[in-house]
Each structure stands twice: as structure tokens, then as C-alpha cells.
Amino acid sequence: WPAAEGGSRLPGALIAPGLQDRDFEPLAAGDALFVRRNGRVVEYDGESGAVVYPVFVNEAAYYHTQSGAAGVALATLADWPIEDVTPESR
């Protein structure tokens, strides 16, 4: 999350309401990611890919670290070929 002013490592913004409780759902460049205390929306900039799938959105367990890097994690989806091993396929 964006850091607060004055050198604090506490958050200077909150998770955008539309992102809350949406783990593993697509987040595209330009979508709202954070909302600053003054109401300004911080959009996802596409740095990690045009579309990402956030996980652990606003996970409370990260707050004790006061880490600006916590709050949202991103997952990369892979298209793995899966071999059909059901009895019908043999």
C-alpha cells in the first residue's frame, strides 16, 4: 500500500472498496487499487502485468508488520496441461 506521510510505514491509503473480498478475481491496469485518506483513487498501474489476480486482499495478519509491501499479494495463473487419467480415457 502507499505509505503514510512523515516517514511512517503505516498505510497512507486503504484497499479500494470494490477490491475488498475479491481474492483471485481479475484486476486490470487502471482499476481502483487503493483510496487515499483525501479520497484520491490510486489505480493499478499494470506493473506486474496487464491483468493480475490479487490474493490475501486486505489480510489483517499483515498489519502488525507495518509494511508498505503488505496488504495485497499477486498470483500468476499458469495454463498447465493436465493429462486425462480417468478409467474412461484408457
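This tour moves through a predicted model, from its nonpolar core to a strand residue beside that core's members and then to a loop.

Begin by selecting Ala13, Ile15, Leu19, Leu27, Leu33, Phe34, Val42, Tyr44, Val52 and Val57, the ten residues that make up the largest nonpolar core. If you then colour by secondary structure, you will find that strand E1 (13-15) and strand E3 (32-36) each supply at least two residues of this core.

Keep the core on display and centre the view on Leu27, one of its ten residues. Once residues up to four places away in sequence are set aside, Leu27 touches Leu19, Ala32, Leu33, Tyr44, Ala50, Val51, Val52 and Pro54. Among these partners, Leu19, Leu33, Tyr44 and Val52 are listed in the core as well.

Select Ala32 next, a residue of strand E3 that is also among the contacts of Leu27. Is Ala32 buried or exposed? It falls between the two, because its relative accessibility of 35% lies in the range counted as partly exposed. With neighbours within four places in sequence left aside, Ala32 is in contact with Ala16, Leu19, Leu27, Val41, Val42 and Glu43, of which Leu19, Leu27 and Val42 are core residues. A distance label drawn from the C-alpha of Ala32 to that of Pro17 should read 8.6 Å, for a pair that stands 15 residues apart in sequence.

Now move to the loop between E1 and strand E2 (27-28), and select Asp21, which lies there. Its phi is positive, at about 65 degrees, although Asp21 is not a glycine. Asp21 counts as exposed because its relative accessible area is 65%, where the cut-off for that class is over 50%.

Phe24 is found in this loop between E1 and E2 too, and here again a residue other than glycine has a positive phi, near 65 degrees. What is the relative accessibility of Phe24, and how does it count? The value is 58%, and Phe24 therefore counts as exposed.

For the last stop, show the side chains of Glu25 and Arg22, which meet in a salt bridge with an N to O distance of 2.9 Å. The structure holds one salt bridge, so labelled because a side-chain nitrogen of Lys or Arg comes within 4 Å of a carboxyl oxygen of Asp or Glu. Both partners can be coloured as partly exposed, because the relative accessible area is 34% for Glu25 and the relative accessibility is 27% for Arg22.

Notes: Residues numbered from 1 in each chain as written. Predicted model: local features only at pLDDT ≥ 70, side-chain atom pairs only at ≥ 80, totals over all residues. Heavy atoms only, no water. Core = buried A, V, L, I, M, F, W, Y, C linked by side-chain atoms within 4.5 Å. Buried < 20%, exposed > 50% of the residue type's maximum accessible area, 1.4 Å probe, protein only. Helix = DSSP H or I, 4+ residues; strand = E, 2+ residues; numbered from the N terminus. Contact = heavy atoms within 4.5 Å.
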